[in-house]
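Grab your viewer and let's work through a few short exercises on this one. Each has a task and then a stepwise solution.

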Amino acid sequence: MERVYKVMKGAGSYNIVIGILLIVFGITLGVLNIVAGGKLLKTKSNILF
């Protein structure tokens, strides 16, 4: 019975770590997208179609 709790504890720990990494990764990508969009808006007048 104790072994099952250790396995569950390990799985829970891994899930928390993966969740934190995904949140950080998502925030980083969001910031990069905002910066790229800002650069596009800044040079909008130079784009010719």
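**Exercise 1: the charged pair**

Glu2 and Lys6 form a salt bridge, with 3.9 Å between the closest N and O atoms. Keep in mind that this is a predicted model.

Task: work out why Glu2 and Lys6 are separated by about one helical turn, and state whether the two residues are buried or exposed.

Solution:
- Step 1. Check the distance: a salt bridge needs the nitrogen within 4 Å of the carboxyl oxygen, and the pair comes in at 3.9 Å.
- Step 2. Place the residues: Glu2 sits in helix H1, and because Glu2 and Lys6 are 4 residues apart in that helix, about one helical turn separates them.
- Step 3. Recall some helix geometry: with 3.6 residues a turn, residues three or four places apart in an α-helix point the same way.
- Step 4. Look at the cover: both Glu2 and Lys6 are exposed. For Glu2 the relative accessible area is 58%, and exposed means over 50%.
- Step 5. Look for others: a search of the whole structure turns up 1 salt bridge.

**Exercise 2: the helix and its chain**

Task: find how the end-to-end reach of H1 compares with the expected span, and how many of its residues are buried.

Solution:
- Step 1. Take stock of the chain, which has 1 helix and 0 strands.
- Step 2. Go from the first C-alpha of H1 to its last: the 41 residues reach 60 Å, close to the 60 Å expected at 1.5 Å a residue.
- Step 3. Try a pair of residues: Glu2 and Gly30, 28 residues apart in sequence, have C-alpha atoms 42 Å apart.
- Step 4. Box up the C-alpha atoms along the principal axes, and you get roughly 70 × 15 × 5 Å.
- Step 5. Count the buried residues: H1 is hardly covered, with 0 of them. Across the chain's 49 residues, the buried share is 0%.

**Exercise 3: the surface and the two ends**

Task: say which residues make the nonpolar surface patch, and where Met1 and Leu48 lie.

Solution:
- Step 1. Start with the total: the chain's accessible surface is about 4,900 Å², and carbon and sulfur atoms hold 74% of that.
- Step 2. Pick out the patch, where Met1, Val4, Tyr5 and Met8 make about 500 Å² of nonpolar surface.
- Step 3. Look at Met1, which lies in the segment before H1 and counts as exposed because its relative accessibility is 75%.
- Step 4. Jump to Leu48, in the segment after H1. Leu48 has a relative accessible area of 79%, so it is exposed.
- Step 5. Relate Leu48 to the helix side of things: its C-alpha is 36 Å from that of Val24, 24 residues away along the chain.

Notes. Residues are numbered from 1 along each chain as its sequence is written. This is a predicted model: local features need pLDDT of at least 70, side-chain atom pairs count only at pLDDT 80 or more; totals for chains, interfaces and linings use all residues. Side-chain values use heavy atoms; hydrogens and water are left out. Helices (H or I, at least four residues) and strands (E, at least two) are DSSP runs, numbered from the N terminus. Buried means under 20% relative accessible area, exposed over 50%, partly exposed in between (1.4 Å probe, protein chains only). Patches are made of residues with over 30% relative accessible area and no salt bridge: like charges are joined within 9 Å, nonpolar side chains (Val, Leu, Ile, Met, Phe, Trp, Tyr) within 5 Å. Accessible areas come from the Shrake-Rupley method with a 1.4 Å probe; for residues, only the protein chains shown count as cover. A salt bridge is a side-chain nitrogen of Lys or Arg within 4 Å of a carboxyl oxygen of Asp or Glu. The expected span of a helix is 1.5 Å times one less than its number of residues.
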